[in-house]
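User: Please take a close look at one part of this protein, the open sheet, and then place that part in the rest of the chain.

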Amino acid sequence: MLLIIVQIARVRDLAKQMRGEEEVDARNTKMTGYYLLVFLVAFLVITVASMVYYKNYMLGYGPNDSLSEHGGLIDGMMNLTFVITFIVFVITHILLFWYSYKYRKQEGKKAQYISHNNTLEIVWTGIPAIVMTFLVIGGLDAWNTIMGDVGADDDYMEIEANGYQFAWQLRYPGDDGLLGRTNFRLIEGNNPFGQDWTDLKNADDIHVGQIVLPVNKKIRVRITARDVLHDFYLPQFRVKMDAVPGLPTFFVFTPTKTTKEWRKELSQYEEYQIPSITDPEKMYWETANMELACAELCGKGHWSMKKTVTILEEDEYEEWLAEQKSYYLSTIRGTESDPNGNILFPAEITQRRQEFIQEANTALETPEDDDNTLILKYVTFETGSAQLTELSSYQLDDAINFLKKNTDVNVMLKGHTDSTGDATANYTLSERRASEVRSYLLKGGIDAQRMTSAGFGSTVPVADNGTAEGRQANRRTELYVTRGELPALPVMMDSTPSK
Ligand SMILES: [Cu+2]
């Protein structure tokens with residue numbers, strides 16, 4: 001290119017010398033004017049053509065139509081701005097290039113000198129000012145609608161997205177519909193949100209791997225960050241909000257299409273009728289997913305902060321939700337991090353009751369006499385004594401209800417200890433414990449004739465006494481159930497373990 005330009009310049013110099021400078025200059029100026037007109041036409045045609053050609057890659061058009069209620073508002077604002085700026089763009093370009101041609105240097109014409117023109121000043125300041133005012137007022141109005149919080153009477157669902165280097169941690173409220181309290185000081189390996197487990201609203205909260213939401217439901221996302229600035233971005237839903245450490249933000253939106261409906265729409269577009277990268281057997285539109293991304297350049301792993309968003313019909317969503325497990329109950333409950341060892345949750349009470357009834361019925365139905373025993377897993381005693389722990393009453397009450405319902409059932413309570421300590425003392429302790437349980441049932445209204453109790457000390461272990469878990473399993477109270485006669489009470493046991 002450089003060589004060509006140098007050559008053209010040399011040819012011009014030669015031409016000037018041959019024809020005379022002024023004539024060549026006039027020709028060149030005229031040609032340049034024509035070239036500018038050609039450029040104008042080509043430029044505008046290419047601009048419009050590329051707009052039409054790349055339409056489907058722009059937000060708000062074709063496959064990139066908004067999938068949320070407020071998204072149309074943003075796209076509408078964007079379009080209005082595009083239309084106005086495009087009109088100005090076309091007019092100014094036509095004037096720019098047409099005047100360059102029309103007022104090119106010509107023989108006998110002289111430029112006019114204008115120092116100032118008030119009318120022109122007013123026109124080209126006033127018109128943009130008026131247009132801008134309307135755009136800004138419209139924009140403010142849209143902003144207030146989009147960025148507003150939920151109303152007091154709104155039916156909505158709240159979830160939390162917590163950004164950290166480099167992923168999103170997601171939390172759902174569980175059955176109570178409320179997210180539990182958090183405190184950043186409580187954040188540790190098994191508590192990524194810093195949930196305060198003494199706040200029972202946390203007990204049913206769910207941690208999920210990907211966002212799944214019901215269609216047409218108002219969603220409020222509580223947006224938080226653990227380390228640096230991140231940005232909660234759902235491009236398909238026109239949701240975008242910074243996640244700031246120490247400054248919780250939020251975004252409220254309503255998804256309007258399910259993933260299924262969306263994929264069906266995508267199938268109409270050529271861009272999506274190519275083989276899928278994730279599954280070569282399928283087309284792109286069949287595997288396309290809405291996504292959550294981080295829109296703040298937050299560090300070198302920024303690219304990996306991606307999650308999929310799936311929108312389901314209400315009933316499908318309920319089905320999905322039912323499969324999710326409370327993080328607290330599945331991970332924290334009963335561990336050292338659990339401060340609620342002294343209480344039982346309603347769900348646990350129900351679950352234990354169902355479990356007990358099932359085990360008791362199974363034990364009753366077993367034809368072999370030996371299998372008529374079930375372990376009262378949740379009946380425990382204070383260390384070294386026959387004092388029942390407070391939480392034992394739940395299972396004992398279940399046993400009372402079961403015996404009241406099945407009046408033909410007789411029971412024998414069997415106490416067992418681990419092998420630690422003196423064998424005779426263990427035997428006595430096991431007997432006292434079994435008897436204590438029998439007294440509880442007696443107080444609960446069960447006929448004394450239907451119950452016997454016996455202690456076995458450490459003679460019938462069910463696990464290895466060498467480990468702490470084994471010893472814990474061996475310290476137990478068993479319930480022998482039968483519709484027939486109760487077996488004879490064992491005679492005083494030998495203190496040495498035997499088969
Ligand atoms: Cu990030």
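Analyst: The sheet comes first, then the loops, the helix pairs and the domains.

This is a predicted model, in which local features need pLDDT of at least 70, side-chain atom pairs count only at pLDDT 80 or more, and totals for chains, interfaces and linings use all residues. Residues are numbered from 1 along each chain as its sequence is written. Helices (H or I, at least four residues) and strands (E, at least two) are DSSP runs, numbered from the N terminus.

The open sheet has five strands in the order E4-E10-E9-E6-E7, with mixed pairing. Two strands count as paired if DSSP finds at least two bridges between them. At the edges are strand E4 (211-214) and strand E7 (239-243), each of which pairs on one side only. Direction ignored, neighbouring strands of this sheet are turned by 20° against each other on average; axes here are lines fitted to C-alpha atoms, for helices over the stretch in contact, and angles run from 0 to 180 degrees between N-to-C directions.

Helix H7 (residues 314-323) packs on the sheet, where it touches E4 and strand E10 (307-312). The direction of H7 makes about 135° with that of E4. Contact between two residues means that their C-beta atoms, placed from the backbone, lie within 7 Å.

Going through the pairs, E4 and E10 are parallel and share four bridges; Leu213 has Ile311 in E10 as its bridge partner. E10 also pairs with E9, here in the antiparallel sense over three bridges, and Leu292 stands opposite Lys307 in E10. Strand E9 (residues 290-294) is joined to strand E6 (residues 230-234) by two bridges, and these two strands run antiparallel. Phe232 has Cys294 in E9 as its bridge partner.

Two loops have backbone features worth checking by eye. Most residues other than glycine have a negative phi, and most peptide bonds are trans. Asn216, in the loop between E4 and strand E5 (218-225), has a positive phi, near 60°. The peptide bond from Gln165 to Phe166 is cis, with omega near 0°, and Phe166 lies in the loop between strand E1 (156-164) and strand E2 (167-172).

Elsewhere in the chain there are helix pairs. Helix H3 (residues 71-102) and helix H4 (residues 118-147) cross at roughly 170°, and their axes come within 10 Å. H3 is therefore roughly antiparallel to H4; angles under 35 degrees count as roughly parallel, over 145 as roughly antiparallel, 65 to 115 as roughly perpendicular and the rest as oblique. Among the residues in this contact are Leu73 and Met77 of H3 and Leu135 and Gly138 of H4. By class, the contact of H3 with H4 has eight nonpolar, four polar and no charged residues. Ala, Val, Leu, Ile, Met, Phe, Trp, Tyr, Cys and Pro count as nonpolar, Asp, Glu, Lys and Arg as charged, and the others, Gly among them, as polar.

Helix H1 (residues 2-19) and helix H2 (residues 21-53) pack at about 130° with their axes 7 Å apart, and H1 and H2 are therefore oblique to each other. Their contact has two nonpolar, no polar and five charged residues.

At the level of the chain, the domain assignment gives domain 1 (17-106), domain 2 (156-332) and domain 3 (346-482); such bounds come from an automatic or database domain assignment. The C-alpha centres of domain 1 and domain 3 lie 87 Å apart.
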